[in-house]
Protein chains: 2
Amino acid sequence: MTDLQRHAMTAPEVRPAMAPVAPGIVLPGQRLEFPALEPLPLDCGVSLAPFTVAYQTYGTLNADKSNAILVCHALTGDQFVAEIHPVTGKPGWWETMVGPGLVFDTDRYFIICTNVLGGCMGSSGPATVNPATGQPWGLSFPVITIRDMVRAQKRLIDHLGIDSLFCVTGGSMGGMQVLEWAACYPERVFSAMPIATAARHSAQNIAFHEVGRQAIMADPEWSGGSYQRQGKRPERGLAVARMAAHITYLSEAALHRKFGRSLQDREQLSFGFDADFQVESYLRHQGSIFVDRFDANSYLYITRACDYFDLAAEHGGTLANAFRGTKTRFCIVSFTSDWLYPTSENRAVVHALNAAAANVSFVEIATDKGHDAFLLEEPEFFATVGGFLNGCAEHRGLKRP
Amino acid sequence: MTDLQRHAMTAPEVRPAMAPVAPGIVLPGQRLEFPALEPLPLDCGVSLAPFTVAYQTYGTLNADKSNAILVCHALTGDQFVAEIHPVTGKPGWWETMVGPGLVFDTDRYFIICTNVLGGCMGSSGPATVNPATGQPWGLSFPVITIRDMVRAQKRLIDHLGIDSLFCVTGGSMGGMQVLEWAACYPERVFSAMPIATAARHSAQNIAFHEVGRQAIMADPEWSGGSYQRQGKRPERGLAVARMAAHITYLSEAALHRKFGRSLQDREQLSFGFDADFQVESYLRHQGSIFVDRFDANSYLYITRACDYFDLAAEHGGTLANAFRGTKTRFCIVSFTSDWLYPTSENRAVVHALNAAAANVSFVEIATDKGHDAFLLEEPEFFATVGGFLNGCAEHRGLKRP
């Protein structure tokens with residue numbers, strides 16, 4: 001075998017855009033296919049190969065590859081950070097943050113976002129085809145962890161030839177990936193900004209996820225996870241899962257301010273089970289639009305990865321051990337009204353970083369918008385993120401745009 | 001028609017114990033059947049007739065009928081307050097509070113608890129038979145309100161010849177009934193103790209209830225509400241509803257203390273979707289035992305009644321108007337870690353009572369047990385309730401046992 005042949009068998013293959021993801025859905029964007037000879041070892045003990053990482057980039061990688069920011073998406077987010085979403089037609093989930101002249105200034109930084117392993121927007125996951133069988137993986141896809149997601153991302157970063165990411169950031173489950181990056185590959189992370197997250201999933205977090213999973217698995221259309229092969233879709237169960245989760249993303253105050261007890265398109269109670277209240281109508285809508293863009297099995301896998309996340313447990317039970325000797329510059333951000341990943345959980349990360357003598361700043365943003373605040377217009381949040389990035393960019397000697 | 005005949009047609013009929021409630025379930029206890037000539041006017045505009053109120057009593061009504069305490073049960077509670085439950089075989093839900101020598105001392109007080117209208121333990125509700133059709137009501141049962149529940153209770157109190165209840169008390173939805181009693185029939189309520197409740201259902205409260213209802217209605221076995229006639233049971237949907245609700249009954253701290261991230265009957269993660277964590281196993285158990293004792297349509301009706309509850313709206317938009325001129329003695333109790341009906345909601349009731357110049361005391365109990373604290377061993381709570389009752393009993397001249 002020549003070196004060229006060997007390279008052809010082992011080098012990741014960049015596929016053209018518009019690769020088919022699932023029946024009826026064709027996604028634009030970039031996909032990197034890692035061949036069978038480069039398996040990805042997973043925490044469950046299985047090695048995944050071949051596997052695919054779908055991703056998007058914004059801005060331009062500079063000559064010394066020092067301006068790359070890896071943005072990690074949350075539970076039901078994806079790689080379409082700052083462009084019209086190809087499935088929903090809606091703006092990207094961080095379009096207010098990522099773009100020319102914005103906080104993540106694409107005139108200065110090169111932004112990368114991958115669809116997480118286990119996801120359903122092009123990366124390998126239960127909805128994709130198992131090459132060994134030609135059938136969708138379904139529940140035969142290995143159960144993955146946050147660390148596995150990060151391992152897959154690192155393969156992409158290696159492929160792109162980026163030795164050191166200028167920053168790794170993300171909110172919620174994205175923040176867990178940030179923490180895992182900083183713990184697993186500290187020399188590859190110049191700065192890290194985990195937002196509205198936790199170093200472990202709490203009992204309440206697990207409980208809410210379990211309700212969602214049970215809602216999906218209670219739907220007969222789920223068919224033991226093999227609904228794709230049977231041409232079915234557990235839409236009702238997935239919608240209920242989304243509704244339950246959505247409540248946890250908002251604060252009681254935000255729900256009160258947005259909806260209160262206002263009625264929906266009526267002046268009086270109907271004395272029935274229609275959506276009398278605006279908040280009911282809103283939740284039903286959130287459930288119904290979610291099923292058009294998300295795969296039910298992916299929801300099981302990704303919630304499971306969150307539940308399994310416990311960074312201290314990975315490091316002998318002491319969170320500070322995850323960060324010993326780190327040179328990464330950290331900024332931890334939490335929101336006062338976030339009850340899903342409250343300030344106390346974020347502060348626990350700060351304490352561990354302090355115990356490891358890390359370079360860390362911590363900002364708690366006052367807002368009544370709840371956990372979802374990291375996706376919303378929050379001037380103080382934008383200022384915090386921008387300020388941290390600017391400071392780090394000066395330390396790294398990145399040119400101003 | 002003689003007076004005797006007319007009486008026979010119009011007087012409520014006390015049925016013997018062990019009346020059949022639903023196929024396979026035979027309940028002990030008392031049932032009062034109000035005849036067709038005594039319809040119950042409901043808030044929805046319909047009059048319900050005939051209708052049944054199932055109830056239990058503990059202790060002895062004294063000669064001047066001045067020692068009666070009406071205990072109002074919560075969402076999924078029932079009239080079996082202080083005895084082995086006939087369906088579950090478990091102790092009554094307030095057995096630590098109600099009994100000889102206990103806080104609600106049955107040597108001193110006569111305790112009454114009715115199954116709420118819309119319930120499924122013998123009172124008229126969607127699971128009972130519509131006499132006009134001979135079929136279960138299902139969704140043709142009229143949608144009821146907290147005020148309707150109280151109206152039905154008052155019929156029982158009238159029947160028992162009790163002019164003035166010594167106390168009306170209850171937690172959660174029971175507390176809403178207490179507030180409604182005090183507002184609708186102030187002259188019939190000597191003292192009132194609403195616990196861990198609110199004068200209106202918040203947007204977040206409605207949202208969680210809507211998730212539960214959607215989980216039930218998403219279950220194909222629900223069959224548009226006519227499952228009884230079809231010999232089906234929407235158990236999976238009802239279990240999911242219960243699981244989601246159960247999280248709201250506990251505080252994050254209580255979940256952490258009880259379960260944390262402890263694994264269930266295993267030493268390592270299974271990398272699957274079984275109940276790896278104790279909190280998952282606990283929730284699944286709560287869901288599975290609930291469906292054995294509760295009717296899915298009842299769950300829809302009773303959650304709806306809570307959502308519709310807005311005492312201020314019933315009184316021109318000003319909560320204090322609900323209590324103008326009241327002579328009832330009030331004690332409001334809340335729990336620090338209750339995020340379902342937080343102290344702020346209970347305090348809003350206190351403020352309204354103060355604005356109405358009512359006799360009111362307010363106690364916030366420090367506990368990490370969450371909303372369910374009113375059902376649990378809480379010495380400070382017991383002392384608060386006992387102290388209030390003793391003070392009221394002295395004012396009313398009730399003999400010590």
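**Figure 1. The two domains of chain A sit with their centres 26 Å apart, going by C-alpha atoms.** This is a predicted model, like everything in the views that follow. Domain 1 of chain A is built from two stretches, 3-201 and 310-396, while domain 2 of chain A covers 205-303. Where they touch, domain 1 of chain A puts in 27 residues and domain 2 of chain A puts in 22. What sort of residues make up the domain 1 side that touches domain 2 in chain A? Sorted by class, that side has 13 nonpolar, 11 polar and 3 charged residues.

**Figure 2. Here is where chain A meets chain B, with 42 residues of chain A in contact with 42 residues of chain B.** On the chain A side, the elements that chip in two or more residues are α4 (203-218), α5 (235-249), α6 (252-258), α7 (278-290) and α8 (296-308). Which of them gives the most? That would be α4(A), with 11 residues. By class, the chain A side that touches chain B comes to 24 nonpolar, 7 polar and 11 charged residues.

**Figure 3. A turn of 180° lays chain A on chain B.** The fit has an RMSD of 0.0 Å, and the shift along the axis is 0.0 Å. That's the relation of a two-fold axis. Both copies use the same surface for the contact, too: 100% of the contact residues of chain A recur in chain B.

**Figure 4. Zooming in on chain B, helix α4 (residues 203-218) packs against helix α5 (residues 235-249).** Their axes come within 7 Å and cross at roughly 165°. Angles over 145 degrees count as roughly antiparallel, so that label fits α4(B) and α5(B). As for handedness, α4(B) passes α5(B) in a right-handed crossing. From α4(B), look for Phe208(B), Val211(B), Gly212(B), Ala215(B), Ile216(B) and Ala218(B). Across from them, α5(B) brings Gly237(B), Leu238(B), Val240(B), Ala241(B), Ala244(B), Ala245(B) and Thr248(B). How many charged residues turn up in this contact of α4(B) with α5(B)? There are no charged ones; the contact has 10 nonpolar and 3 polar residues.

**Figure 5. Over in chain A, helix α2 (residues 146-159) packs on helix α3 (residues 173-184) at an angle of about 70°.** The axes of these two helices are 9 Å apart. With that angle, α2(A) is roughly perpendicular to α3(A). The crossing of α2(A) and α3(A) is right-handed. On the α2(A) side you'll find Ile146(A), Arg147(A), Met149(A) and Val150(A). They meet Met176(A), Gln177(A), Glu180(A), Trp181(A) and Cys184(A) of α3(A). Class by class, the contact of α2(A) with α3(A) splits into 6 nonpolar, 1 polar and 2 charged residues.

**Figure 6. This close-up takes in some backbone oddities, starting with the cis peptide bond between Ala49(A) and Pro50(A).** Its omega is about -15°. Where does Pro50(A) lie? Check the loop between β6 (47-48) and β7 (51-58) of chain A. In chain B, the bond from Ala49(B) to Pro50(B) is cis as well, with omega near -15°. Pro50(B) turns up in the loop between β6 (47-48) and β7 (51-58) of chain B.

**Figure 7. Ala196(B) isn't a glycine, yet it has a positive phi of about 50°.** To spot Ala196(B), go to the loop between β15 (191-195) and α4 of chain B.

Notes
Residues numbered from 1 in each chain as written. Chains lettered and ligands numbered in written order. Predicted model: local features only at pLDDT ≥ 70, side-chain atom pairs only at ≥ 80, totals over all residues. Contact = placed C-beta atoms within 7 Å. Helix = DSSP H or I, 4+ residues; strand = E, 2+ residues; numbered from the N terminus. Nonpolar A, V, L, I, M, F, W, Y, C, P; charged D, E, K, R; others polar. Least-squares fit on C-alpha atoms with pLDDT ≥ 70 in both. Domains from an automatic or database assignment. Axes fitted to C-alpha atoms, helices over the stretch in contact; angles between N-to-C directions. Parallel < 35°, antiparallel > 145°, perpendicular 65-115°, else oblique. Left-handed = near helix turned anticlockwise from the far one by under 90°.
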